[in-house]
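Please open the model in your viewer and keep the sequence panel visible. The tour proceeds by selection, one stop at a time.

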Amino acid sequence: MIWLTFALVPNQSAQYFMVSLDQINLFSLVYIVVSIPLSFLATWMMDTHGLRFTLILGSWLNMLGALLRFLGTRMGNGVKDLFAVVVFGQVLGATAQPLIIFTPTKLAALWFPEHQRATANMITSMSNPLGIVLTNIISPLLTQTPQQIPNLLLVYALPACIICCLTTVGIRSSVPPTPPSASAESSGSEPFFQGIKLLLRNKAYLVLLLCFGSGVAVFTCFFMFLVQILCVQGYSNDFAGLCGVLFIVFGVVGAGALGLYVDKTKKFIEVTKVNMSFTALASIAFSVVSLMPQQKAAVATICSLFGFFVFSIYPVAMELSVECSYPVGEATSAGLLFISGQLLSVLYVFILQAFTVRLADSPLSTCGAEILSWKVPMLVLAGLCTLFTCFFVLFFNTRYRRLEAEEQATCGSSATSGQPKNLLTDS
């Protein structure tokens with residue numbers, strides 16, 4: 001919610017702070033830039049100090065950042081000071097992101113047995129899109145005029161304070177009393193830097209690293225620029241917010257269905273490849289329909305399909321990263337994927353902004369004073385998404401190392417107990 005606060009109301013924000021749209025985009029971009037170096041620290045912290053310490057620290061930083069953003073609108077001495085204080089609050093909130101967003105894979109591995117891990121990962125991973133859904137509803141609804149920006153920041157600060165209190169009081173342990181699986185007993189057993197070296201020598205993981213990072217970048221650009229893309233053709237901020245909500249809601253539905261499916265079948269590779277292919281097709285369709293005026297039904301439908309496919313990949317790919325990199329710690333393997341996504345997001349944002357063209361006039365525009373053409377950037381984004389999808393489908397293949405290790409541990413235990421062995425077939 002803190003990340004995309006201003007992305008859904010860019011014109012009102014630009015008028016309130018008296019800055020350009022590029023400077024308003026800085027609020028979203030700072031989350032990406034700040035999290036890149038801090039992701040290494042967050043990964044090390046989670047594998048070394050555990051979930052409890054990491055989550056509590058992240059919740060406190062998130063709360064302090066949200067409060068500083070609100071207080072900045074009350075204490076700034078002049079417009080420039082006001083903007084700088086709010087940006088600093090955004091930076092503080094951005095430091096909390098990697099501490100929290102890496103936890104689903106680690107949580108699933110430590111607290112759930114192998115037949116529930118993908119579902120648990122899916123449920124916890126969906127907390128991020130839930131926040132995005134609320135942002136898509138709250139920001140346009142509460143910010144009809146620039147003067148309402150301070151009230152909007154207060155609304156976002158309140159839940160951050162509540163969640164911080166709940167996290168501090170409610171989380172009592174990093175691990176359960178009894179490990180739920182054989183891999184949970186040795187989770188994070190590889191030293192951090194040794195794990196990094198193993199990942200960088202793992203060809204399958206490197207392919208996933210690059211292609212998953214591209215998918216995260218596509219998602220980031222979609223939400224950062226959605227309002228600016230649609231307003232050129234006369235679509236309102238409320239409609240853009242609706243499209244964002246549909247994107248997330250259908251994504252959650254897809255993630256839920258796929259989480260249950262891969263928990264039962266363990267077909268991580270097949271599911272990821274099929275969904276990435278449909279994601280590429282959806283990105284192409286969006287690049288076309290988003291440039292058409294008076295096509296609300298088509299735009300909303302494509303956004304729904306886009307979300308259904310691109311979002312459902314996320315928890316499955318996180319589990320796949322652990323399967324292809326075991327025994328490297330879950331936070332390390334998932335953390336590098338996140339870093340890849342942030343790096344490529346920065347690159348994609350600058351590429352897309354470089355291809356925008358300022359329009360002198362647009363009869364249908366609801367963008368305000370600054371109108372940009374997104375025709376070429378949308379085609380470039382669809383091309384990049386398609387390129388990396390083809391690369392993944394053609395070159396990714398791996399064994400399920402964690403499942404194999406758990407099966408071997410089970411077979412060894414059965415042999416010790418005098419029970420017949422169940423040999424794992426190659427995946």
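The stops below cover helix packing, two loop residues and the internal cavities. Please bear in mind throughout that the model is predicted.

**Stop 1: helices H5 and H11**

Select residues 117–125, which form helix H5, together with residues 237–265, which form helix H11. Their axes lie 7 Å apart and make an angle of about 160°. Angles over 145 degrees count as roughly antiparallel, and H5 and H11 are therefore roughly antiparallel to each other. The crossing of this pair is right-handed.

Next, display the side chains at the contact. On H5, select Arg117, Ala118, Thr119 and Met122; on H11, select Ala255, Gly256, Gly259, Leu260, Val262 and Asp263. Coloured by class, this contact shows 5 nonpolar, 3 polar and 2 charged residues.

**Stop 2: the loop after H11**

Move on to Lys266, located in the loop that joins H11 to helix H12 (268–289). What is the sign of phi at Lys266, a residue other than glycine? The value is positive, near 60°.

**Stop 3: helices H5 and H13**

Keep H5 selected and add helix H13, residues 296–325. The axes of H5 and H13 cross at roughly 130° and come within 8 Å. H5 and H13 are therefore oblique to each other, and their crossing is right-handed.

To see the contact, select Arg117, Ala118, Asn121, Met122 and Ser125 on H5, with Tyr314, Pro315, Met318, Glu319 and Glu323 on H13. The residues of this contact comprise 5 nonpolar, 2 polar and 3 charged. Arg117, Ala118 and Met122 deserve a label here: they belong to the H5 side of this contact and also to the H5 side of the contact with H11.

**Stop 4: helices H13 and H14**

Hide H5 and bring in helix H14, residues 330–355. H13 and H14 pack with axes 9 Å apart, at an angle of about 125°. H13 and H14 are therefore oblique to each other. The handedness of their crossing is right-handed.

The H13 side of the contact consists of Ala317, Met318, Ser321, Val322 and Ser325, and the H14 side of Glu330, Ser333, Ala334 and Leu337. By class, the residues are 5 nonpolar, 3 polar and 1 charged. Met318 may be labelled as well, as it takes part in the contact with H14 and in the contact of H13 with H5.

**Stop 5: the loop between H13 and H14**

Select Tyr326 and Pro327, and inspect the backbone between them. Is the peptide bond from Tyr326 to Pro327 cis or trans? This bond is cis, with omega near 15°. Pro327 is placed in the loop between H13 and H14, the two helices of the previous stop.

**Stop 6: the internal cavities**

Finally, turn on a cavity display. How many cavities of 30 Å³ or more are there? The count comes to 3, and the largest cavity holds about 50 Å³ of space.

Select its lining: Pro10, Asn11, Leu21, Val227, Gln228, Cys231, Cys367, Glu370, Leu372 and Trp374. Helix H1 (10–17) and helix H10 (203–231) are the elements that each give two or more residues to this lining. H10 gives the most, with 3 residues. By class, the lining of the largest cavity is made up of 7 nonpolar, 2 polar and 1 charged residues.

Conventions. Residues numbered from 1 in each chain as written. Predicted model: local features only at pLDDT ≥ 70, side-chain atom pairs only at ≥ 80, totals over all residues. Heavy atoms only, no water. 1 Å grid on protein atoms, 1.4 Å probe; cavity = no way out; pocket = protein on both sides within 12 Å on 5 of 7 lines; lining within 4 Å. Points joined across faces, edges and corners; volume = space filled by probe spheres on them. Helix = DSSP H or I, 4+ residues; strand = E, 2+ residues; numbered from the N terminus. Nonpolar A, V, L, I, M, F, W, Y, C, P; charged D, E, K, R; others polar. Axes fitted to C-alpha atoms, helices over the stretch in contact; angles between N-to-C directions. Parallel < 35°, antiparallel > 145°, perpendicular 65-115°, else oblique. Left-handed = near helix turned anticlockwise from the far one by under 90°. Contact = heavy atoms within 4.5 Å.
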